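Good morning, and thank you for coming. Please look first at the structure on the screen, and then I shall take its features in turn.

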Amino acid sequence: MSNTAIVVALLVGIAVWFAVASRLTAKPWENREQKGDVGVLHMSPQRIGLWVFMAVVTSLFALFLTAYSMRMHHSIGWCHLTIPNILWVNTAILLAASVALQLAANAVSGGRRDATRTALVAAGTLSIGFLAGQVLAWRAVGPSLYFVQGSPAIAFFYVLTIVHGLHLLGGLAVLGRASLRFAGGAELVDLRQSLSLCATYWHFLLLVWLAVFGVLLFL
Amino acid sequence: MAYVAIADRDAPIHDPHTFIEKYIWSQDHKVIAIQYSIVAIFVGLVALVLSGLMRLQLGFPDSFHFVDPNQYYQFITMHGMIMVIYLLTALFLGGFGNFLIPLMCGSRDMVFPYMNMLSFWVYLLAVIVLLASFFVQGGPTGAGWTLYPPQAVLPGTPGAGLGIILMLVSLGIFIVAFTMGGLNYVTTVLQARCRGMTLMRMPLSVWGIFVATILGLLAFPALFVSAIMMTLDGTLGTSFFMPALSSMGQAPEHDGGSPLLFQHLFWFFGHPEVYIVALPAFGIVSDLLATHARKNIFGYRMMVWAILAIGGLSFVVWAHHMYVSGMNPYFGFFFATTTLIIAVPTAIKVYNWVLTLWKGDIHLTVPMLFAIGFIFTFVHGGLTGLFLGNVTVDLPLSDTYFVVGHFHMVMGVSPVLVVFGAIYHWYPKLTGRMWDDRLGRIHFWLTFLGTYAIYLPMHYLGILGVPRRYYALGETEFLPQSVHTVNAAITIAALVVAASVVIFLYNMIVSLWRGEKSPPNPWKATTLEWQTPDTPAKHGNWGPRLPEVHRWAYDYSVPGAPDDFIPQNVPVDSRYATGTGHHG
């Protein structure tokens, strides 16, 4: 649990720091005319919303991983998971998807429609490929309820990968909508923010996956 | 500046035309606030009835046969969960958060109105799933509101089949709803304030709601995690929390799970949850006190810092709920220390409320009565908290009525008094009508004195050693006869307080038609929501131009000013440019 406390303390610390940085020490009763600088962050609301959401997801996975570690250390006879090799491939695929999406975001900013199309198709295919790879990993780890009941490590593996996969699916829904708008001939300028946010989210999910994978490997 | 794009738009963000768009699938924050509030108050009434049934059983154990032991535990569980999550959290953040944030910050609406609408409907779904558990086989779960495994999912506990699953699913849905709402509240406060509304000019209500939302966003995932894992334990037979055990002569397949892990996860959510409810109450009560005492809030900056400090500390005190759980005893020292440290910023707030009243021009309006009542109940509950925060004192008291008295005082009665006060305070802006003042006063005194009649004796029962969670005490040698008399008296007081809620509801509903028409700013308050061009505020809130803020929210009784309040959007005049406050 202390791990989680540290992560949350860090998040809260960042929030407090950011609040302090924006002059929490002002003396509002002095009624000096202040300039109209109320926007604390130079970001669109969508981007702030995404960052807040990513903080929530970070908290979620930090707690899952803490639970994993505590469950491991609390019990006698914990049986480690045999990491299936396909997870290395999946990791590479997700990394590639993340890169592809960044390229798509760059291409949109640069106004290159063809490059955007290629990168979008690649990112979508790779992401779906990652999910398919995860399904294969389940089969390798323990294909039936019997294994899930018998081994908490396998049960955790299922839960962690499913929760991560669902977050990726949510991202794919947003990416899909943006792609439809792109296919429908939307102006590239209108897609800039959407794809840039998708890229950020994909990088974040890659980091989450690396954390999950790292814990499964090394803890 | 990024904010200009949203806040300074002249046209509303969305433009509803049909009845359904305006009142059902509405994206207007004010309508969503009312929707949230109505549903929350409705489930709250269900939980209130449950508590009445429990009190009948406790006060007159042999007289009522419609509450059997199983139902008693189901009522306890549902009462606790509904009150904490589905009433207080939803009402403070979904109700007041939605109504107050855009109005007090001077924006036209939340920044993601569509997601805001979804948030309400998903919340409604969570409530429906929760209430559905009353109608399934086995009834709702009776595991206690903390849902501790292994008993929560084992046969023998009422509702161990579908009841507990529906509860966990409902909590999961609620958290999704809360996250959608929470993203809105945080982003709106950060990015959609009107010109001049710096963070340190925000009213404390917004500060309380803002920080509570951040706490919720970070703490609810812990409940989400435990709900998912317990659902799997209950349905698929995994062993996240379930140890090897024998249950009713059977040996379930579970092996090696950790019930203590659940307790850590639950309270890692559960303690911040106390402050998710308390911080909005702190903020709102500060604004009520300042407005009705016609005085600037004492120590505004300290109040803001205290809210932030309490928010941060609330994440490192969770295990003080677990002194008797069998965790490492050394943990107790650490958590007792952090628990006592959190009393410091909390005490600062209490001093500042009292000092705000000091030499104020106190108007004992109905909202003010509730706000002052809150100071009493909160100090009371806070002081008993100091007892329970210490390991050695907590051990003998932990399973007694002392704890019931403590937590009802501090997070039951206190936030509810603020809810009442806030509804009386903002109702005129919401509906354009005033309440019947006399009925409001009767409601206040019945509630305030009644809750003391209920919870004060519980501390005495606890010190005598009366155990909590018991369906009936029976003839127990170590308990004197006075225990039974007190229990009967508590029940009568509880029924009177419950009846006073009828007065409140009657007043609220009848005033919609018969209430006097409200002026735009009946309390002569400074904050922006009272300065809207229309009362009740129309869609888009501000007419053609957004307000511009020139001062903080507490310019009351400024020397030399023509009125005893200067709204936030009044430009600074050199004659009385500096406010009255010099506290920081």
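**Helix packing, confidence and local geometry**

I begin with helix 4 (residues 69–105) of chain B, which packs with helix 6 of chain B at an angle of about 20°, the axes being 11 Å apart. This is a predicted model, in which local features need pLDDT of at least 70 and side-chain atom pairs count only at pLDDT 80 or more, while totals for chains, interfaces and linings use all residues; side-chain values use heavy atoms, with hydrogens and water left out. Residues are numbered from 1 along each chain as its sequence is written, and chains are lettered from A and ligands numbered from 1 in the order in which they are written.

A few terms are needed here. Helices (H or I, at least four residues) and strands (E, at least two) are DSSP runs, numbered from the N terminus. Axes are lines fitted to C-alpha atoms, for helices over the stretch in contact, and angles run from 0 to 180 degrees between N-to-C directions. Angles under 35 degrees count as roughly parallel, over 145 as roughly antiparallel, 65 to 115 as roughly perpendicular and the rest as oblique.

Helix 4 of chain B and helix 6 of chain B are therefore roughly parallel to each other. Their crossing is left-handed, a term used if the near helix is turned anticlockwise from the far one by less than a right angle, with right-handed for clockwise. Which residues of helix 4 of chain B meet helix 6 of chain B? Among them are Met81(B), Ile85(B) and Leu93(B), and the residues on the helix 6 side include Phe174(B), Phe178(B) and Tyr185(B); contact means heavy atoms within 4.5 Å. The residues of this contact divide into 13 nonpolar, six polar and no charged. In this scheme Ala, Val, Leu, Ile, Met, Phe, Trp, Tyr, Cys and Pro are nonpolar, Asp, Glu, Lys and Arg charged, and the others, Gly among them, polar.

Next, helix 9 (residues 300–313) of chain B packs with helix 10 (residues 329–357) of chain B at about 155°, with axes 9 Å apart. These two helices are therefore roughly antiparallel to each other, and helix 9 of chain B passes helix 10 of chain B in a left-handed crossing. Met302(B), Ile310(B) and Leu313(B) are among the residues that helix 9 of chain B contributes, and helix 10 of chain B offers residues including Pro345(B), Lys349(B) and Trp353(B). By class, this contact has 12 nonpolar residues, two polar and one charged.

The third pair is helix 13 (residues 401–431) of chain B with helix 14 (residues 437–464) of chain B, whose axes come within 8 Å and cross at roughly 170°. They are therefore roughly antiparallel. Participants include Tyr401(B), His406(B) and Tyr424(B) of helix 13 of chain B, and His443(B), Tyr455(B) and His459(B) of helix 14 of chain B. The contact has 14 nonpolar, nine polar and no charged residues.

Tyr424(B) also forms an edge-to-face aromatic pair with Phe504(B), at 5.9 Å centre to centre and 65° between the planes. Rings of Phe, Tyr and Trp (its six-membered ring) pair if their centres lie within 6.5 Å; planes under 30 degrees apart are stacked, over 60 edge-to-face and the rest tilted. Tyr424(B) lies in helix 13 of chain B and Phe504(B) in helix 15 (residues 481–514) of chain B, so the pair ties together parts that are 80 residues apart in sequence.

I turn to the backbone. Pro149(B) and Pro150(B) are joined by a cis peptide bond with omega near 5°, and Pro150(B) lies in the loop between helix 5 (113–132) and helix 6 (162–191) of chain B. Leu147(B), a residue other than glycine, has a positive phi near 55° and lies in the loop between helix 5 and helix 6 of chain B.

Finally, confidence. Chain B averages a pLDDT (the predictor's confidence in each residue, from 0 to 100) of 92, and chain A averages 88.
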